[in-house]
Amino acid sequence: MKKLLDNVEQLVDDALEGLIWAFPEYLQRVPGTHVLTRKKAKAEGKVGIVSGGGSGHEPAHGGYVGYGMLDAAVAGEVFTSPTPDQILAGIRAAHHGAGVLLVIKNYTGDVMNFDIAKDLAADEGIETASVIVNDDVAVEDSLYTTGRRGIAGTVFVHKIAGALAESGVNLQAVQNGAQMVIDNVRSMGFALAPCTVPAAGKPTFTLSETEMEMGIGIHGEPGTHRQDIKPARELADFLLERISTDLKLESGSHVACLINGMGATPLIELAVLAKNVGAWLTAKQISKDVVWMGEYMTSLEMAGASVTLLRLSGELNKWLAAPCDTPALRQGVVYDR
Amino acid sequence: MTVEQFSLLWQCFAQRVRQNQGHLDDLDRAIGDGDHGTNLTRGLGNVETLWNQSPDQNLNLQALSKKVGMTLLSTVGGASGALWGSGLMKAAQVFPASSECDDETFVLWMDAFVGNIEERGKAHVGDKTMVDVMRPAVNWLKAIPQDRSLRARLHELQELVQQYSQGTKDLQARRGRASYLGARSIGHVDPGAFSSALWWECLDSVLGG
């Protein structure tokens with residue numbers, strides 16, 4: 001294992017310190033925790049937004065703390081859900097008198113730990129609501145299983161819930177908006193090379209020179225199946241067929257599109273994927289109103305990518321276009337330093 | 001069950017998990033993200049220090065169940081931390097606030113502990129999780145005539161526990177991160193079931209020894 005590290009047990013702590021040093025105008029830490037909060041707190045009376053999960057998904061989740069997105073991000077160990085006491089610290093920091101929305105990705109550990117934290121917050125008289133992101137179409141949705149994972153589509157939830165909260169609407173309205181995103185967002189990804197969890201020291205799986213894993217999540221776990229590597233065009237077509245079928249997308253639809261690198265994919269290769277996604281959408285007469293391309297929700301140094309489509313309707317476009325100012329995502333803000 | 005035995009149980013469990021950390025990580029790497037052993041070892045290491053730092057003789061069973069639960073809840077992380085931690089914290093109320101309890105109460109405590117795990121994880125037997133070891137083991141203890149000592153029953157249970165744990169190999173996961181693999185999860189022992197079997201092994205060595 002070759003990693004840029006000092007002490008593997010201090011990895012999360014060291015990384016949080018580094019983020020704060022690099023983005024002092026955005027981030028600060030709740031003392032004694034792995035919680036990052038805004039340097040300049042949101043106005044009193046506005047709904048707070050808390051997200052989080054295991055580390056290793058950078059820039060998620062701390063990179064999205066700031067105006068127009070999150071109020072607090074709770075970091076667990078690498079690929080491990082944070083604990084309820086840490087999440088509670090995030091909720092406290094994000095509470096400005098109007099309650100807190102928790103954005104949870106659908107993983108057993110995340111759901112349980114956030115649920116316990118909600119109970120603890122209720123004991124302190126803090127009102128919370130939560131949404132569970134489950135955008136990954138690689139996994140069969142079923143009442144009898146854990147269901148689908150939450151992956152890159154989560155960033156659209158952060159963006160739109162964050163914009164709604166900034167507008168001053170109440171907790172229920174922010175929750176409804178976040179749920180509307182979840183109902184209309186789908187993703188799927190693949191890996192060309194695995195990643196290594198630093199504490200484990202070994203890759204989570206191995207692939208030969210000609211193999212790839214289809215339908216991976218964001219924790220280095222194997223996907224739904226292994227196959228021979230294919231040209232970017234075929235991969236884009238496969239992902240988009242799965243996503244659009246699930247979303248029941250029709251010609252004339254408007255979407256926002258996220259082309260997401262998993263951590264070790266050169267941007268030139270992401271751009272090739274983007275070109276093919278564009279060609280597919282054009283052929284199907286689906287309009288892309290917004291495109292984000294880059295690393296938004298990663299899986300350490302995994303090579304690969306995911307594609308996310310969000311069907312736009314109602315006011316989603318407006319909230320997606322609203323200003324935000326965070327370390328990882330800045331738009332519509334005038335910079336004056 | 002006495003306070004001393006209860007504390008030895010967790011110290012034994014910490015030791016056995018540490019000895020098996022690499023194997024548990026390997027099992028998890030096959031169907032998850034490869035950190036089950038690492039996470040449990042970290043949390044149980046914190047549980048061990050409860051006694052190293054302040055060997056508090058005044059703690060009763062109820063308080064100890066809560067304390068161990070809180071420690072695991074706040075230091076393991078992931079699903080395991082939430083399940084072991086909240087399971088212990090909620091089951092604490094079944095214990096008396098005293099330094100020992102009879103066998104019947106201890107079996108009731110185990111039943112509550114496992115019930116909490118099932119409720120929190122929404123898992124059933126056959127889902128390829130820790131419940132595949134925990135539930136049948138407790139049920140077996142409850143079903144076997146109570147006139148036999150708990151010590152003897154626990155000892156006899158060990159072989160079954162191994163079967164329960166190994167039995168998860170043929171199952172397709174329906175809960176937890178392994179469920180995302182679908183049919184690919186078949187053929188690997190569930191790491192949570194394997195670590196749970198270590199807990200039963202410790203119970204036997206503490207109460208049976």
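# Helix H2 of chain B, the A–B interface and the fold of chain A

User: In this predicted model, which helices of chain B are included in what covers the buried residues of H2(B)?

Analyst: The residues in question are B:Leu24, B:Asp25, B:Leu27, B:Asp28, B:Arg29 and B:Ile31, which are buried in H2(B). An α-helix has 3.6 residues a turn, so residues three or four places apart point the same way. The cover for the buried residues of H2(B) includes three helices of chain B: H1 (3-19), H3 (36-53) and H9 (191-208).

User: Is B:Ala30 buried, partly exposed or exposed?

Analyst: B:Ala30 belongs to helix H2 of chain B, which spans residues 21-31. Buried would need a relative accessible area under 20% and exposed one over 50%. The value for B:Ala30 is 26%, so the residue is partly exposed.

User: Which residue of chain A does B:Ala30 touch?

Analyst: Leaving aside residues up to four places away in sequence, B:Ala30 touches B:Leu181 and B:His188 within chain B. B:His188 is 158 residues away along the chain, yet the two C-alpha atoms are separated by 7.0 Å. The contact of B:Ala30 in chain A is A:Pro222.

User: What area is buried between chain B and chain A?

Analyst: The contact involves 38 residues of chain A and 30 residues of chain B. The size of an interface is often given as the accessible area lost when the parts come together. Carbon and sulfur atoms give 54% of that area here, and the total is about 2600 Å².

User: Which three residues supply more than any other three of the area that chain B buries against chain A?

Analyst: The share of the three is 29% of what chain B buries against chain A. One of them, B:Arg29, is also among the buried residues of H2(B). The three are B:Arg29, B:Tyr180 and B:Arg184.

User: What radius of gyration does chain A have, and why does it agree with a compact globule?

Analyst: Along the principal axes, the C-alpha atoms of chain A fill a box of roughly 50 × 50 × 50 Å. Buried residues make up 58% of the chain, and residues 24 or more positions apart account for 72% of its contacts with a separation of 6 or more. Because a compact globule of 337 residues would have a radius near 20 Å, chain A agrees with its 19 Å.

User: How many helices and strands are there in chain A, and where does the loop holding A:Pro59 lie?

Analyst: Chain A has 8 helices and 14 strands. The loop with A:Pro59 lies between strands E3 (48-55) and E4 (72-78).

User: Which peptide bonds in the loop between E3 and E4 of chain A are cis?

Analyst: Most residues other than glycine have a negative phi, and most peptide bonds are trans. A:His61, like A:Pro59, is placed in the loop between E3 and E4. Omega is near 15° for the bond into A:Pro59 and about 5° for the bond into A:His61. The cis bonds there include A:Glu58 to A:Pro59 and A:Ala60 to A:His61.

User: What is the relative accessible area of B:Lys122?

Analyst: B:Lys122 sits in the loop between helices H6 (103-121) and H7 (131-143) of chain B. Its phi is positive, about 50°, although it is not a glycine. An exposed residue needs over 50%, and B:Lys122 is exposed, with a relative accessible area of 52%.

User: How far apart are the centres of the positive and negative side chains of chain A?

Analyst: The accessible surface of chain A is about 13100 Å², with 52% belonging to carbon and sulfur atoms. The chain has 28 positive and 40 negative side chains. The centres of the two sets are separated by 5 Å.

Terms used
Residues are numbered from 1 along each chain as its sequence is written. Chains are lettered from A and ligands numbered from 1 in the order in which they are written. This is a predicted model: local features need pLDDT of at least 70, side-chain atom pairs count only at pLDDT 80 or more; totals for chains, interfaces and linings use all residues. Side-chain values use heavy atoms; hydrogens and water are left out. Helices (H or I, at least four residues) and strands (E, at least two) are DSSP runs, numbered from the N terminus. The radius of gyration is taken over C-alpha atoms; the globule rule is 2.2 Å times the number of residues to the power 0.38. Buried means under 20% relative accessible area, exposed over 50%, partly exposed in between (1.4 Å probe, protein chains only). Contact means heavy atoms within 4.5 Å. Accessible areas come from the Shrake-Rupley method with a 1.4 Å probe; for residues, only the protein chains shown count as cover. Lys and Arg count as positive and Asp and Glu as negative; His and the chain ends are not counted. The place of a charge is taken as NZ of Lys, CZ of Arg, CG of Asp or CD of Glu. Buried area is the accessible area (1.4 Å probe) that two parts lose on being put together, summed over both.
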